[in-house]
Amino acid sequence: MAGRAADSTILAGARVVLPTGTVENGRVTVESTRISGSAPEDARIVDLTGHWVVPGFVDMHNHGGGGASFTSGTVDEVLHGIRTHREHGTTTLVASTVTGEMDFLARRAGILSELVEQGDLAGIHFEGPFISPCRKGAHSEALLRDPDPAEVRKLMDAARGTARMFTLATELPGGIDSVRLLAEHGIIAAIGHTDATYEQTVEAIDAGATVATHLFNAMPPLAHREPGPIAALLEDDRITVELINDGTHLHPAILELAYHHKGAGRVALITDAMDAAGFGDGQYQLGPLAVSVTDGVARLVEGGSIAGSTLTLDTAFRRAVTIDRIPVEDVVRSISANPARLLGVDDRVGSLEPGKDADLVVLDEDFVLAGVMRKGEWIIEPKTA
């Protein structure tokens, strides 16, 4: 790791992706920890000709990385996982849990909330236990429960104001009331791991749900007589859809379908990463369940269900541009601006604008990560001539 840049630094010569579009031969001025609209004459100049500069990535759904679990690891292990993802361009990260006993999840929320309060995490996402046994994926069926608003509130209280999102099967008893509770407190109610009908999904959206947890995965497929949740989530402009672009969870044609129907302003690229992200193949635990990772694909040892991903957002970015042929500006919205808006942190991160944190990613001409800065500090300093 390279340490803090000079107090005033100009990143010059790159293609810079701004909210208004891409600027050729652009400049980004960094003063201390923030982006500035001007720079003194003695500012250090870093020549990034031949590179792209984009906002730091924002991951709103992530269970771990670098061999460390956000769902069960110690504070030091969680910090290691955070550092791993920062080294892949994710400068803002939400820690996601998996299904567990309520008391365990409450204790976990207490630990993770401290890391939110000190600025290492952007919040907590509770994925389970309030999900459907029919679409449980890599969650322990024995620990699942209906989304009782009283139990949802218990986890909200345990998180001490740091809960940012709950994934719910909103068709279950208590689901709609839980959506309303979350919406009243400014917390994202996300529809996922659900067996809902089209009509039940519409009801949840009308109640205040705003996100689809990893759309297409862990929900009924789209069918012409029973459209299910996918059609309702795709057609409603109030919903932003999470997509896992690792080449395993979604076929490229499905990714294109989602972008076509939602538009770039309503897509959030996520990792849904587990411990093996940035670490390697082997045997892992996801909550109480054993996971085997082979050739970068994580599956439950028992049953073979996909168990999260080993994705990092720099890979998701590169795939989106080079394989899926999505315009760079649209990918930037999906991987930075949109999740920042949903999390309520877009006043600080998610775009390259004066006054915001100096969180940015440098990519080479092939969209391979070449540098990462967070709050003006180089995590990976780009090599320049």
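The following legends describe close-up views of a predicted model.

**Figure 1. The parallel sheet of 8 strands.** The sheet is open, and its strands follow the order E7-E10-E11-E12-E13-E14-E15-E16 with parallel pairing. Strand E7 (57–59) and strand E16 (267–270) occupy the edges; each has a single partner strand, so one side of each is left without a neighbour in the sheet. Strands of a sheet pair through backbone hydrogen bonds, either parallel or antiparallel. At one edge, strand E15 (residues 240–244) is joined to E16 by 4 bridges, and the two run parallel. Within this pairing, Val241 has Val267 of E16 as its bridge partner.

**Figure 2. Strand E13 and its pairing with E12.** E12 and E13 run parallel and are joined by 4 bridges. Phe166 stands opposite Ala189 of E13. The side chains of strand E13 (residues 188–191) divide between two directions: Ile188 and Ala190 point one way, whereas Ala189 and Ile191 point the other way. All four of these residues are buried.

**Figure 3. Helix H2 across the strands of the sheet.** Helix H2 (residues 102–117) lies across strand E10 (90–97), strand E11 (123–127) and strand E12 (163–168). The angle between H2 and E11 is about 155 degrees. At 1.5 Å a residue, the 16 residues of H2 should span 22 Å, and the end C-alpha atoms of the helix are indeed 22 Å apart, which agrees. The buried residues of H2 are Met102, Leu105, Ala106, Arg108, Ala109, Gly110, Leu112, Ser113, Leu115 and Val116. Their cover includes strand E9 (68–69), helix H1 (75–86) and helix H3 (149–158), together with E10, E11 and E12. Gly119 follows H2 and has a positive phi, near 90 degrees.

**Figure 4. Helix H3, its buried face and its two ends.** Val152, Leu155, Met156 and Ala158 are buried in H3. Viewed down the helix axis, these buried residues fall within an arc of 165 degrees, so they line one face of H3. An α-helix has 3.6 residues a turn, so residues three or four places apart point the same way. The exposed residues Ala150 and Asp157 are carried on the face of H3 turned away from the buried side. Elements covering the buried residues include H2, E11, E12 and helix H4 (175–184). At the N-terminal end of H3, Asp148 acts as a cap, with a side-chain oxygen 2.9 Å from the backbone nitrogen of Ala150. Just after the helix, Arg160 adopts a positive phi of about 55 degrees.

**Figure 5. The surroundings of Ser96 in strand E10.** Ser96 belongs to strand E10 and is buried, its relative accessible area being 0%. Its side chain makes a polar contact of 2.9 Å with the side chain of His125. Leaving aside residues up to four places away in sequence, Ser96 touches Met60, His61, Asn62, His63, Phe70, Thr71 and His125. His125 thus appears both among the residues touched by Ser96 and as the partner in the polar contact.

**Figure 6. The antiparallel sheet of 3 strands.** This open sheet has the strand order E17-E18-E19 and antiparallel pairing. E17 and strand E19 (297–300) are the edge strands, and each pairs on one side only. From one strand to the next, the twist averages 35 degrees. Strand E18 (residues 289–294) pairs with E19 in the antiparallel sense over 4 bridges. In this pairing, the bridge partner of Val291 is Leu300 of E19.

**Figure 7. Two loop positions, Gly280 and Ser32.** Gly280 is located in the loop between E16 and strand E17 (282–286). Its relative accessibility is 27%, so Gly280 counts as partly exposed. Gly280 and Ala169 are 111 residues apart along the chain, and their C-alpha atoms are separated by 32 Å. Ser32 lies in the loop between strand E3 (21–31) and strand E4 (34–36). With a relative accessibility of 38%, Ser32 also counts as partly exposed. Ser32 and Lys375 are 343 residues apart in sequence, and the distance between their C-alpha atoms is 7.8 Å.

Notes. Residues numbered from 1 in each chain as written. Predicted model: local features only at pLDDT ≥ 70, side-chain atom pairs only at ≥ 80, totals over all residues. Heavy atoms only, no water. Pairing = 2+ DSSP bridges. Contact = heavy atoms within 4.5 Å. Axes fitted to C-alpha atoms, helices over the stretch in contact; angles between N-to-C directions. Expected span 1.5 Å × (residues − 1). Buried < 20%, exposed > 50% of the residue type's maximum accessible area, 1.4 Å probe, protein only. Arc of directions from axis to C-beta. Polar contact = N/O pair within 3.5 Å; in protein donor to acceptor, adjacent residues only side chain to side chain.
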